[in-house]
Amino acid sequence: MRIAQISPLTEAVPPKLYGGTERVISWLTEELVSLGHDVTLFASGDSCTSARLEAIWPRALRLDSSIRDPYGLHMTMLEQVRRQAEDFDFLHFHLDYFPFSLFSRQPTPFITTLHGRLDLPELQPVFTTFSSVPVISISNSQRRPVPQARWVKTIYHGLPAQLLTPQPVKPNYLAFLGRISPEKCVDRAIRIAERAGLPLKIAAKIDKVDRDYFEEQIKPLMSLPFVDYIGEINDAQKPDFLSGAIALLVSIDWPEPFGLTMIEAMACGTPVIAFNRGSVPEIIEDGLTGFIVEDETSAVGAVGQLARLPRQRVRARFEERFTARRMATEYLAVYRSLTAQATPHLRSATD
């Protein structure tokens with residue numbers, strides 16, 4: 001198939017450091033290419049891909065201080081995709097609701113994967129207005145706020161099977177990975193580690209919007225003797241970081257649409273202790289790949305149960321459920337189904 005993948009311009013594909021959506025787009029694109037498909041990636045010019053790259057801007061917008069209005073560049077990209085739409089069999093967007101109106105008015109079949117939270121009141125009229133536009137969810141829980149959307153399928157994220165693998169190190173700390181923000185609750189992870197009597201290593205990004213929150217509420221906690229703040233890390237650093245952890249703490253307090261860090265930990269054989277929010281019960285199998293908890297007390301109790309979870313089995317469940325090849329195969333089935341629906345059926349002379 002001739003497939004277009006249309007990425008946000010915020011980060012490169014793949015991102016240099018943090019950036020879950022763009023990493024998933026990269027993994028999907030590379031798998032589609034390896035499966036023999038003709039793929040074009042619309043993204044920032046500093047992206048790296050085996051597909052054909054259509055660079056919309058020289059570099060990721062997060063790294064370009066000259067950019068004050070990112071929406072203008074995204075609108076430009078949408079128009080460029082529209083002008084080339086007939087060159088593709090299928091268009092796959094990762095831009096939230098931005099393509100809905102324009103691409104409903106052209107014949108090339110398309111899908112949008114929704115990567116973010118959908119429980120905001122202002123999204124209700126969007127999905128009511130565009131209730132015929134096909135969309136993909138990344139967890140079943142993500143769908144609940146907007147049942148009126150045209151949900152085609154839930155496709156869980158997957159990462160390359162050999163990208164993150166268990167390392168021969170002895171786990172001796174708890175880990176927090178991702179982003180420091182109010183909804184991620186790193187302060188909760190710190191309290192859990194303190195009560196469990198274990199060191200905590202924090203590998204996390206701080207966005208500009210969360211800088212004040214970090215300075216006022218989190219930074220003072222970083223001086224605690226059992227806390228080691230590493231900062232933002234890349235994929236090459238994650239195997240050692242996650243393999244060295246007794247468990248990954250996912251101390252969230254928001255309806256997480258997926259939670260990529262959970263499957264990254266599983267890829268390294270590391271069990272996950274996660275709060276029962278959003279997609280967590282769909283990703284973590286309680287008592288097998290980790291523990292699902294309701295509060296800090298139960299999280300501390302779960303730490304004491306980690307020894308009964310074989311790390312080899314955690315890795316095996318990752319291979320069974322969350323590889324990029326499985327993800328690409330499921331997307332291809334959707335592409336083909338929607339393409340078949342869009343193809344006009346020729347009528348015979350006797351009809």
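Let me start with one small detail, which is that Val250 has Ala274, a residue of strand S12, as its bridge partner. Please keep in mind throughout that what we are looking at is a predicted model.

That bridge belongs to a pair of strands, since S11, covering residues 245-250, and S12, covering residues 272-275, run parallel to one another and are joined over three bridges. As a general reminder, the strands of a sheet pair through backbone hydrogen bonds, and they can do so in a parallel or an antiparallel way.

If we now step back to the whole sheet, we find that it is open and made of six strands, which follow one another in the order S10-S9-S8-S11-S12-S13, with parallel pairing. Strand S10, residues 227-229, and strand S13, residues 290-293, stand at the edges with a single partner strand each, and therefore one side of each has no neighbour in the sheet. On average, and ignoring direction, neighbouring strands here are turned by 20 degrees against each other.

Across this sheet lies helix H6, residues 186-196, which is in contact with S8, S9, S10, S11 and S12, and which runs at about 170 degrees to S9.

Finally, I would like to turn to a pocket, namely the second largest, which has a volume of about 230 Å³. Its lining consists of 14 residues, and those closest to the centre are Pro109, Phe110, Pro134, Arg150 and Ala342. Helix H13, residues 324-342, gives the largest share of this lining, with three residues. By character, the lining divides into eight nonpolar residues, five polar ones and one charged one.

Methods:
Residues numbered from 1 in each chain as written. Predicted model: local features only at pLDDT ≥ 70, side-chain atom pairs only at ≥ 80, totals over all residues. Heavy atoms only, no water. Pairing = 2+ DSSP bridges. Helix = DSSP H or I, 4+ residues; strand = E, 2+ residues; numbered from the N terminus. Axes fitted to C-alpha atoms, helices over the stretch in contact; angles between N-to-C directions. Contact = heavy atoms within 4.5 Å. 1 Å grid on protein atoms, 1.4 Å probe; cavity = no way out; pocket = protein on both sides within 12 Å on 5 of 7 lines; lining within 4 Å. Points joined across faces, edges and corners; volume = space filled by probe spheres on them. Nonpolar A, V, L, I, M, F, W, Y, C, P; charged D, E, K, R; others polar.
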